[in-house]
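Trainee: Could you take me through one part of this structure slowly, strand by strand? I'd like to see how the pieces sit next to each other.

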Amino acid sequence: GIVDWDGEGKHVYLASISGGIWVTRDGAASWQPVPEASQFGRCNTFKNGTINGEPHVLVGCDAGIANVPKGGGNWSLIPYRGFANGFFSVSDSLDVNSVVG
């Protein structure tokens, strides 16, 4: 999966099935791993969502749903409960929290 963070293609995140999340801030001239993502395992999909009323980017990974506020901030992980494969759906029509399934 891939997400264009700034809408201009300069700041982009890429989820890698070989492991983690990668970021470029220079229009893909260079890529760096997101340090926090080393604990997330393989990642494969991006979704927009809402957590506590704040827009977030959600990423399906082996260890759970990685997330970061769209306004900037630290990455965190919502661990899966039960079976998971990194793929998920999101209903983001709520004012406070998204429904993930």
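Mentor: Let's walk through one sheet, from one edge to the other.

Keep in mind that this is a predicted model. The sheet is an open one made of four strands, in the order β5-β6-β7-β8, and the pairing is antiparallel. Because β5 and β8 (76-79) stand at the edges with a single partner strand each, one side of each has no neighbour in the sheet. On average, neighbouring strands here are turned by 30° against each other, ignoring direction. What holds such neighbours together? Strands of a sheet pair through backbone hydrogen bonds, either parallel or antiparallel.

Start at the β5 edge. β5 and β6 pair over eight bridges, in the antiparallel sense. Look for C43 there, and you'll find C61 in β6 standing opposite. These two are also linked by a disulfide, with 2.2 Å from S to S. A disulfide is a covalent bond between the sulfur atoms of two cysteines. Now look at where the ends of the link sit: C43 is in strand β5 (residues 43-51) and C61 is in strand β6 (residues 54-61), so the bond ties together parts that are 18 residues apart in sequence. The link between C43 and C61 is right-handed, with 105° about the S-S bond. Both C43 and C61 are buried.

Next, move over to β7. β6 and β7 run antiparallel and are joined by six bridges, and they form a hairpin with two residues between them. β7 is mostly covered, with six of its six residues buried.

A good residue to stop at is N67, which lies in strand β7 (residues 64-69). Is N67 buried or exposed? N67 counts as buried because its relative accessibility is 5%, and the cut-off for buried is under 20%. On the β6 side, L58 stands opposite N67; on the β8 side, the residue opposite N67 is S76. The contacts of N67, leaving out residues up to four places away in sequence, include both L58 and S76, along with I51, H56 and W75 among others. Within β7's own stretch of chain, a polar atom of the N67 side chain lies 3.4 Å from the backbone oxygen of I65.

That brings us to the other edge. β7 and β8 run antiparallel, joined by four bridges. They form a hairpin too, this one with six residues between the strands, and G72 in the turn has a positive phi of about 105°.

Terms used. Residues are numbered from 1 along each chain as its sequence is written. This is a predicted model: local features need pLDDT of at least 70, side-chain atom pairs count only at pLDDT 80 or more; totals for chains, interfaces and linings use all residues. Side-chain values use heavy atoms; hydrogens and water are left out. A disulfide is a pair of cysteine sulfur atoms within 2.5 Å. Buried means under 20% relative accessible area, exposed over 50%, partly exposed in between (1.4 Å probe, protein chains only). Two strands pair if DSSP finds at least two bridges between them. Axes are lines fitted to C-alpha atoms, for helices over the stretch in contact, and angles run from 0 to 180 degrees between N-to-C directions. A polar contact is a pair of N or O atoms within 3.5 Å; within protein, one must be able to donate a hydrogen and the other to accept it, and residues adjacent in sequence count only if both atoms are side-chain atoms. Contact means heavy atoms within 4.5 Å.
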